Amino acid sequence: MTRKARAARAARTTTAARSAARTSPRDRWTFDSFPDQSGRLAVVTGANSGIGYVTARELARRGAHVVLACRSQERGSGAMARLRAEVPGARVELRLLDLADLTSVRRFADGWSHDRLDLLVNNAGVAVVPFSRTADGFESQFGVNHLGTFALTGLLMPHLLAAPAPRVVTVSSEGQRFARFDLGNLDAERGYRPLFTYIQSKRANLYFATELQRRADAAGLGLRSMAVAPGLTRSNVLTGGANSARGRAYGALMRLLLRYAFRPTPDGARTSLYAATVPDLPGGSYVVPDGPFQLRGEPVLRRREHAIRDTATADRLWTLSERLTGVSYRIPTGTPARK
């Protein structure tokens, strides 16, 4: 290839990278919009169904080596077989992970056998479930959605920092905008309301993602932490797991809502894939659908969000999370930022 041809190719690549990070609602971003992922090693939690499965599948379709981190051996194996049928030649593996059990989280991190981790997609979670506690005694929505995610990311941090351009994507929710975040009732100490507790846990996800970026920046690291809201999406999060025991009336109502009010699962995965793959997306980004109330639409960056600016609460939540999980982030200082 001549020097002129190489220069033209580089210019096209730069233009494509710049155009990928779009913020205009007039632009359409599809699974064909993101670049080749060959050489990237990714973990997607909750990858056996819903948004997590689609995220893992599309990363694998683009060449990434994807670890499906799932709670159930049976469901995880089924998802891996389905993925390989849909994407022949996909590089995928299954590893067991239960975010409701910190021993399982530590086992997953201790068993990491690769030399690095390029991408961690914190997707797994529970939603609006009846009251229960995790193996470690935490209210389940706070324990799984936030504390399990916080612990997993911290324990995998050495492997993330071994990668040339590590990225963490944490799935929050459009509902977090309505949370009245109460640091004194994160664990249902003063009563339990399923919906309130859920959206509070999703606000915690956004606080975590933005605080992780601030700490990485302060340490001069090249790690990029993003948060996303998927919008109303069809998945089994409202009908499976603990919600499956709510009875016929609840199941019928949820199936009706999912069919007519929620959008297809692949649409909900677009914000996760956008945050995971757009080359020039800045750390600390919050990616949401551009439609009314962030319920549906094209992935865009939302910068005017109270939680992003509320650094004091994010810092207090971080300190509390380290104490509750026993996981302290060993983020080195004075390390030159990676490009």
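**Helix contact and salt bridges**

In this predicted model, Y53, A56, R57, A60 and R61 on helix α2 make contact with A79, R82, L83 and E86 on helix α3. Sorted by character, the residues of this contact comprise five nonpolar and four charged ones, with no polar residue among them. The two helices span residues 50–61 in the case of α2 and residues 73–86 in the case of α3, and their axes come within 10 Å while crossing at roughly 40°. Since angles from 35 up to 65 degrees fall outside the roughly parallel and roughly perpendicular classes, α2 and α3 are therefore oblique to each other, and the crossing in which α2 passes α3 is right-handed.

Charged side chains also tie into a wider pattern here, for R57, E58, R61, R82 and E86 are linked in a network of salt bridges. Across the model, the count of salt bridges comes to 16.

Some individual pairs can be followed in turn. R95 forms a salt bridge with E93, with 2.8 Å between the closest N and O atoms, and both R95 and E93 are buried. Another salt bridge joins the side chains of E298 and R270 at 3.0 Å, N to O, and this pair links distant parts of the chain, with E298 lying in the loop between β7 (286–289) and β8 (299–301) and R270 in helix α8 (residues 265–277), 28 residues apart. E298 and R270 are likewise both buried.

A further salt bridge brings together the side chains of D115 and R116, at 3.1 Å from N to O. D115 has a relative accessibility of 59% and therefore counts as exposed, the threshold for that class being over 50%.

Conventions
Residues numbered from 1 in each chain as written. Predicted model: local features only at pLDDT ≥ 70, side-chain atom pairs only at ≥ 80, totals over all residues. Heavy atoms only, no water. Axes fitted to C-alpha atoms, helices over the stretch in contact; angles between N-to-C directions. Helix = DSSP H or I, 4+ residues; strand = E, 2+ residues; numbered from the N terminus. Parallel < 35°, antiparallel > 145°, perpendicular 65-115°, else oblique. Left-handed = near helix turned anticlockwise from the far one by under 90°. Contact = heavy atoms within 4.5 Å. Nonpolar A, V, L, I, M, F, W, Y, C, P; charged D, E, K, R; others polar. Salt bridge = Lys/Arg side-chain N within 4 Å of Asp/Glu carboxyl O. Buried < 20%, exposed > 50% of the residue type's maximum accessible area, 1.4 Å probe, protein only.
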